[in-house]
Amino acid sequence: MSFMGRILRIDLTEQKVEKETLSRDFLENYLGGRGIGAKVLFDELPPKIAPLSPENIIIFATGTLGGTFAPASSRLTVTSKSPETNLYCKSTVGGHFSPELKFAGYDGIVVSGASPKPVYLYIKDDLVEIRDAGHLWGKDVRETDRILKQELEDDRISVLSIGPAGENLVKYSAIMTNIYRAASRGGMGAVMGSKKLKAIAVRGTGSVKVASPGEFAKVALKARELVKDDKDRFFRYFFFGTQRGIVWANEAGFNPTRNFQTGYIKDAYRIGGEYVREKYITGETGCGSCVLCCGTFYKVDKGPFAGSHSEGPEWETCNSYGGRINTTNTEFLLRANELSNIYGLDISSAGGIIAFAMELYEKGLLTIEDTGGLDLSWGNTESVLELIRKIAYREGFGAVLAEGLSSISGRFNNSAGYAMGIKGLPMTSVDPRLTISYALAFAVNPRGGDHLHSEIICQFGATPEHVKIAQKVSGSPEGAKPLSFVGKASMVKYHEQICCASDSLGVCFFHTLSSHRVSPEILASLFETATGIPMSADKLQHVCERILNMERLVNIREGLTKKDDTLPRRAFEEEIQSGPSKGLKLSEEAFNRVLEEYYELHGWDLNGIPKKETLAKLGLEAGN
Ligand code: SF4
């Protein structure tokens, strides 16, 4: 119930399709979505293989609640070994692909091997075919979507695809669905590209049943009401999308600028939600079963970028192609966003790497000869647009940057200190010097430096509800103070578990973590009434701990050590240069203390390795 009980196994080397049954026990032990991905990777990924070799596997898994009307339950988790970090990676995406896969009768797809020629996967209920994609290879994401809908004569088919960046194995290429929605982080697009898998097109005519329809409806409707009831938030998400917070962040010195040299940029309003809404937004959109619907469409009517259109821009775009490279040029940003989407590039990594190159250029560590004639002075938007194209097609200096941050940070003299990444993944737009819990969450994220492993919005104490949660979880009023080290290890662990539950059930964080309206108790209740498997918030927490430990074990197998759970040197050694947060930097000693406190809370030793008794408690001692 709510779980279709089968996954597809696609072997691209053998060009073979198999359907495999998943048991109810599997569901109880690993939930769905992220849990499926972690379990398959844990059991089946051969250690130390090259991420872009046929030995790598990639898993597309729906959440347990996918296809139901539980709030925002349409997220899909993509899991694989990342070519950007050489470690475990999960990347999630909204849109409508996940419910459609459920309607076709599957909880997920596991793809192994590699095809000798470009192919796409066509799924229509029981019909599953590997088809030739020679005519799609080289096409961008928008074209691919259009051609597939046309040739399959189905406007409603859900397409997941890669663009030129994925085909060209750019280490931070994304997988796109609904054209503009991205499973962006960790280079999952390159893994698809290495398998010559251009796209998956799915259409299902079935439905998802739940175990206790009456009870489920009651809980789901109540959860939806709770989210809607937070009126101010509801309004801001709907009208301004994620970019609503840019101006606020900038005023607080929280808008990473010039590759994290500072946190403030003049005229940030030009890349903020209100300004973009007034001038460019043409409509609203949302993922399947969403309550908040934070998506917006835009179009540029005049000027050099007239005709440019896409979904967004998201907060990350507004920083990655804004402050990070020192510009507030709105129309450039909208065009850069469009190009990145249709080329299938991860905007956080692309913006982060370009900003890194710009800082090297500023410092004289990179010259115009190195860049092939591109002037990489701060804010040179023309060069950035050219570079985005060159990265996607691996041309000239673009081919150098396409290799990812780890590869290039050692390439130019004394440049590693300016690489603002963790485990090789460029950080998303939060400066760790401004918030201890984010600093820790970024450092221990198994896929690298970003906020989507533990999103601790409540630590800012924006609402009385947030303050209450921060106090309860951390055991102290200090929990709601971003610069206090007190209680931050428990805050990170608690939010890791909610993130994990949200990803596994397929529910968008904006409904669980940002508002805390869809609480762990509600998630447990939704799971129980949908599947018929008894679930409580405590049990959910326990299962999530199992998933988190499996992710950790995969990384340890790949060679991860405590020294990888850290921050870029700049966070410890350099003060923020200007703006409202001027002068802040982090104490490395205090950070290491909070890191060890975090390990202890998880039942890991001082080197971050899960202890035997921890694994026994989670049923993982013999690799179960
Ligand atoms: S809030 Fe935004 S990202 Fe989340 S499900 Fe809704 S539309 Fe998708």
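**Group meeting: a walk through one predicted model**

In helix α10, which covers residues 273-280, the buried residues are Gly-273, Tyr-275, Val-276, Arg-277 and Tyr-280. Before going further, please keep in mind that this is a predicted model. What do the buried residues of α10 pack against? Two of the partners are helices, α8 (231-240) and α12, and the others are the strands β13 (281-285) and β14 (295-299).

Since α12 has come up, let me turn to the aromatic rings. How many aromatic pairs does the structure hold? The number is 15. One of them is made by Tyr-343 and Tyr-393: the ring centres are 5.5 Å apart and the planes stand at 85°, so this pair is edge-to-face. The cut-off that matters here is an angle over 60 degrees. This pair links distant parts of the chain, with the two residues 50 apart in sequence. Tyr-343 belongs to helix α12 (residues 330-343), while Tyr-393 sits in the loop between α14 (381-392) and α15 (396-401). Are these two tyrosines buried or partly exposed? Tyr-343 has a relative accessible area of 9%, so it is buried. Tyr-393 has 34% relative accessibility, so it counts as partly exposed.

A second edge-to-face pair is formed by Tyr-598 and Trp-604, with 5.8 Å from centre to centre and 85° between the planes. Here both residues are buried. Please remember these two names, Tyr-598 and Trp-604, for the part on cavities.

Two more items on rings. Phe-235, Phe-238, Phe-239 and Phe-240 form one aromatic cluster. What sits over the ring of Tyr-237? The charged end of Arg-244 does, 3.9 Å from the ring centre.

Now the cavities. The structure holds four cavities of 30 Å³ or more. In the largest cavity there is about 80 Å³ of space. Which residues line the largest cavity? The lining consists of Val-444, Pro-446, His-453, Glu-496, Leu-548, Glu-551, Arg-552, Asn-555, Tyr-598 and Trp-604. So the lining includes both members of the second pair. Helix α22 (residues 537-557) gives the largest share of this lining, namely four residues. Sorted by class, the lining has five nonpolar residues, two polar ones and three charged ones.

Next, the backbone. In general, most residues other than glycine have a negative phi, and most peptide bonds are trans. What kind of peptide bond joins Gly-312 and Pro-313? A cis bond, with omega at about -5°. Pro-313 is located in the loop between β15 (309-311) and α11 (315-320).

Where phi is concerned, I have two residues to show. Asn-86 is not a glycine, and its phi is positive, near 65°. Asn-86 is placed in the loop between β4 (76-81) and β5 (88-93). With a relative accessible area of 40%, Asn-86 is partly exposed. Leu-169 also has a positive phi, near 60°. Leu-169 is in the loop between α5 (164-167) and β10 (175-177). Its relative accessible area is 27%, so Leu-169 is partly exposed.

To finish, three single residues.

The first on my list is Gly-5, in the segment before β1 (6-11). Is Gly-5 buried or exposed? At 15% relative accessibility, Gly-5 counts as buried. Leaving out residues up to four places away in sequence, Gly-5 touches Glu-20, Thr-21, Leu-22 and Asp-107. Gly-5 and Arg-24 are 19 residues apart in sequence, and their C-alpha atoms are 7.5 Å apart in space.

Then Thr-144, in helix α4 (residues 141-151). Its relative accessible area is 0%, so Thr-144 is buried. What does Thr-144 touch, not counting residues up to four places away in sequence? The contacts are Leu-136, Lys-139, Ser-161, Lys-198 and Ala-199.

Finally, Ala-399, which is in helix α15. Ala-399 has 23% relative accessibility and counts as partly exposed, because buried means under 20%. With neighbours within four places in sequence left aside, Ala-399 is in contact with Lys-390 and Arg-394. Ala-399 and Leu-387 are twelve residues apart in sequence and 9.7 Å apart in space, from C-alpha to C-alpha.

Note on methods:
Residues numbered from 1 in each chain as written. Predicted model: local features only at pLDDT ≥ 70, side-chain atom pairs only at ≥ 80, totals over all residues. Heavy atoms only, no water. Buried < 20%, exposed > 50% of the residue type's maximum accessible area, 1.4 Å probe, protein only. Contact = heavy atoms within 4.5 Å. 1 Å grid on protein atoms, 1.4 Å probe; cavity = no way out; pocket = protein on both sides within 12 Å on 5 of 7 lines; lining within 4 Å. Points joined across faces, edges and corners; volume = space filled by probe spheres on them. Nonpolar A, V, L, I, M, F, W, Y, C, P; charged D, E, K, R; others polar. Phe/Tyr/Trp six-rings, centres within 6.5 Å; stacked < 30°, edge-to-face > 60°. Lys NZ or Arg CZ within 6 Å of the ring centre and 35° of its normal.
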